[in-house]
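User: I would like to work through this protein step by step, with the reasoning spelled out.

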Amino acid sequence: MEITTCEPKVTRLIAVPRAELQRKVEENEHLRLELQLVETERVRLSLLEEKLVDVLQLLQRLRDLNISKRTLGKILLSTQDNFRHQAHEGRPGPSAILDALHQALAGCELLQRQPLVPASAAPVLPNPLLISC
């Protein structure tokens, strides 16, 4: 008879760890999804950083070719204006703007006359975000 009176207690003792285990499984799944979102964002930001570095390198090459600040400013503002007029299609992301700016800068006549220098042959700057004016 003692066995039957202990049975509900054992069932309750087993139910508590089972519920705890289920909660841990759900928490683990939530953390895995969150990690996946963070990894996706990290990749997006890494790609954005690469585009930004490419644009800054083009700006530096143009400055090295003595293109005026005014001309560089006009290219930048023209690119920005193009996106402002396309506002009805939705707000463009930074990646799209950097792509357009890269195309505009790469299309400069001065760069067309100069051979393209691969990134590995480009001079290493102490701070790639520093542009001398």
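User: How many helices and how many strands does the protein have?
Analyst: This is a predicted model, and its secondary structure can be read along the sequence as the pattern α-α-α-α. Counting the elements of each kind gives 4 helices and 0 strands.

User: Which element gives the largest share of the largest nonpolar core?
Analyst: That core holds 14 residues, and among them V55, L59, L62, L72 and L105 touch the most other members. The elements that each contribute two or more residues to the core are α1 (2-64), α2 (69-85) and α3 (94-106). The largest share, 6 residues, comes from α1.

User: Which residues does L105 touch, leaving aside those up to four places away in sequence?
Analyst: L105 is one of the core residues that touch the most other members, so it helps to recall that in soluble globular proteins, nonpolar side chains tend to be buried together. With residues up to four places away in sequence set aside, L105 touches V55, L58, L59, L62, L72, I75 and L111.

User: What percentage of the residues in the protein is buried?
Analyst: A residue counts as buried when its relative accessible area is under 20%. Applied to the 133 residues in the protein, this cut-off gives a buried portion of 13%.

User: Which element has the highest mean pLDDT?
Analyst: The protein averages a pLDDT of 79, with 68% of the residues scoring at least 70, while over residues 116-122 the pLDDT stays under 50. Among the elements, helix α4 (residues 109-113) has the lowest mean, 74, and the highest, 89, belongs to α3.

Conventions: Residues numbered from 1 in each chain as written. Predicted model: local features only at pLDDT ≥ 70, side-chain atom pairs only at ≥ 80, totals over all residues. Heavy atoms only, no water. Core = buried A, V, L, I, M, F, W, Y, C linked by side-chain atoms within 4.5 Å. Buried < 20%, exposed > 50% of the residue type's maximum accessible area, 1.4 Å probe, protein only. Contact = heavy atoms within 4.5 Å. pLDDT = per-residue confidence, 0-100.
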